[in-house]
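Colleague: I have a model open and would like to talk it through. Can you keep it plain?

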Amino acid sequence: ARKLNLMPESPMADSFFQGPFLEHMQQCADQDCLTTLYASTYPNVLIQNRWWDVTIELTTDNILLFFAVDVTMRLNLEAELATSHVIVENSPVVLFRREATDEAKLVFVSENISRFGYTPEEFLEERIRFQDIIYPEDQEWLGARIAAYGDTKNWATEYRIFTKDQKVRWVYDKTISVHDAQGTLTHYEGVLMDITDRKEQENALAESEEWHRRILETCSEGFVYTDPNLRIRYVNEAFCAMVGMTREEIVGLPARELAGYSSRDSIAEQRQKLLSEEQRVFESMLLTKGGDEIPIVVHGNSHRNSEGELIGHVAFVTDISEQREVQQLREDIERLSRHDLKAPLNAIINLPRLYLSDKEACKGLSEDLRETLMHIEQAGTDMLGLINRSLDLFKMEKGTYRYEPGPEDIGAVVSKVV
């Protein structure tokens, strides 16, 4: 080492050798034991900022021969591979490679198959076959699907597997086919990802949607959902029954096409005002498939996402045909009560009274006939009272009743009741 001027104090040594290798050389030189260097190998020696595998041989002429192989690239690749290995083993993605045969033997499984309770050796040594951990109800359709894929370059599917402790987990399987130089399919390789949490969330969402859908479908009121441009995206059965159309006929139509002709102009005029309100209630006319118009009340509101962006409009539609008919009936009753019924009732009440008050006319009447005339008068009076009370109730419902207190014969009231 001294002859080669490679001792620590040498500037050449400082620039050529670094680290533990230089320290070892210095120790050997100090102890005058260069013979111990005979055919010695030093892996991963840092020389000139690169890594080398160094072999030193001492010849019979006491000449040191240095053989050095640059292993910098190999060490870098090994470091990258080790990093990748750590990333893979700590990721939720399991890597696999299997033969493209009927047996589908696994030839590689990453260590993180342990997240399902298994070890790679259990599959590689065929103590467990992957087919055996697939959920029974998924085995048949999955096998048929894989067979249908054949040597398709890549494909993906979702199915269930059993963990080692017999819990059921959903997995996402992304597979690609591998071919040799002659183009023959030799292997399948891909990734397996646990998607159980996502599936549970999807199922919970689907159940929630189904629950709300059942509520809407069993609702007696019509329900309409439109996009921001008021094009219909969903209606329930009650709304379909109102207009006499199927859901397929309605979905996709602009909402204005179902507005009655008598209300289209007014709706068009008020459209901007109505849409500017988050919640709105208004009356309109609904056009049926047969061309009839139905009076309706619409309770609508804007539908926005979590960011406040408008994504649609929701409306509950109530058919008020019966209410309109009842209203018309009440008005007819009021009109009849005021004019058509009171006039003949007054005659029924007053004629018996006038006849009985004429003594000359009543001389030949029997007592039974007199009593009958009195009953006719009382019946007319009672009927007039019922009509007046009905009118009072009608006025109360409309909010137009005026309370006018007056004297009343309590004894007469009690006698009527008893």
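Modeller: What follows goes from the whole chain to its pockets, its cores and a few single residues.

Colleague: What kind of model is it, and how are residues numbered?

Modeller: This is a predicted model, in which local features need pLDDT of at least 70 and side-chain atom pairs count only at pLDDT 80 or more, while totals for chains, interfaces and linings use all residues. Residues are numbered from 1 along each chain as its sequence is written, and side-chain values use heavy atoms, with hydrogens and water left out.

Colleague: How many helices and strands are there in the protein?

Modeller: The protein has 13 helices and 13 strands. Both are DSSP runs numbered from the N terminus, with at least four residues for a helix (H or I) and at least two for a strand (E).

Colleague: And how much of the protein counts as buried?

Modeller: Of its 418 residues, 30% are buried. Buried means under 20% relative accessible area, exposed means over 50%, and partly exposed is in between, using a 1.4 Å probe and protein chains only. The protein exposes about 27,400 Å², and carbon and sulfur atoms supply 54% of that. The areas come from the Shrake-Rupley method with a 1.4 Å probe; for residues, only the protein chains shown count as cover.

Colleague: Pockets next. How much space lies in the largest pocket?

Modeller: About 750 Å³. A pocket is an open set of points on a 1 Å grid over the protein atoms alone, with protein on both sides within 12 Å along at least five of seven lines; its lining residues have an atom within 4 Å of a point. Points are joined across faces, edges and corners, and the volume is the space filled by probe spheres set on them.

Colleague: Which residues lie nearest its centre?

Modeller: Leu230, Ala255, Arg256, Ile267 and Phe282, out of 31 that line the pocket. Helix H9 (261–275) is one of the elements that supply at least two lining residues, as are strands E9 (222–226), E11 (279–287), E12 (293–304) and E13 (310–319). H9 gives the most, with six.

Colleague: What classes of residue make up that lining?

Modeller: There are 20 nonpolar, six polar and five charged residues. Ala, Val, Leu, Ile, Met, Phe, Trp, Tyr, Cys and Pro count as nonpolar, Asp, Glu, Lys and Arg as charged, and the others, Gly among them, as polar.

Colleague: What about the second largest pocket?

Modeller: The second largest pocket holds about 430 Å³ of space. Its lining has 22 residues, with Arg98, Phe130, Gln131, Ile134 and Ile146 nearest the centre. Helix H5 gives the most to this lining, with five residues.

Colleague: Which residues touch the most other members in the largest nonpolar core?

Modeller: Phe123, Phe130 and Tyr159, in a core of 17 residues. E4, E5 and E6 each give two or more residues to this core. A nonpolar core is a set of buried Ala, Val, Leu, Ile, Met, Phe, Trp, Tyr and Cys residues joined through side-chain atoms within 4.5 Å. A second, separate core has 16 residues, including Ile232, Leu286, Val298 and Val317.

Colleague: Back to Phe123. What is it in contact with?

Modeller: Beyond its neighbours within four places in sequence, Phe123 is in contact with Leu106, Val109, Ile113, Tyr118, Ile128, Arg129, Phe130 and Ile133. Contact means heavy atoms within 4.5 Å.

Colleague: How many cavities of 30 Å³ or more does a search find?

Modeller: One. A cavity is a set of grid points where a 1.4 Å probe fits but cannot get out. This cavity has about 70 Å³ of space, and Phe123 and Phe130 are among its lining residues. The lining divides into five nonpolar, one polar and four charged residues.

Colleague: New topic. Is Glu377 buried or exposed?

Modeller: Glu377 counts as buried because its relative accessible area is 17%. Glu377 lies in helix H12 (residues 367–398), and its contacts outside its sequence neighbours within four places are Ile348, Ile349, Pro352 and Arg353.

Colleague: And Asp197, buried or exposed?

Modeller: Asp197 counts as exposed, because its relative accessibility is 52%. Asp197 is in helix H6 (residues 196–218). Its C-alpha atom is 9.0 Å from that of Arg169, 28 residues apart along the chain.

Colleague: Last one: where is Val314 found?

Modeller: In strand E13. Val314 counts as buried, at 14% relative accessibility.
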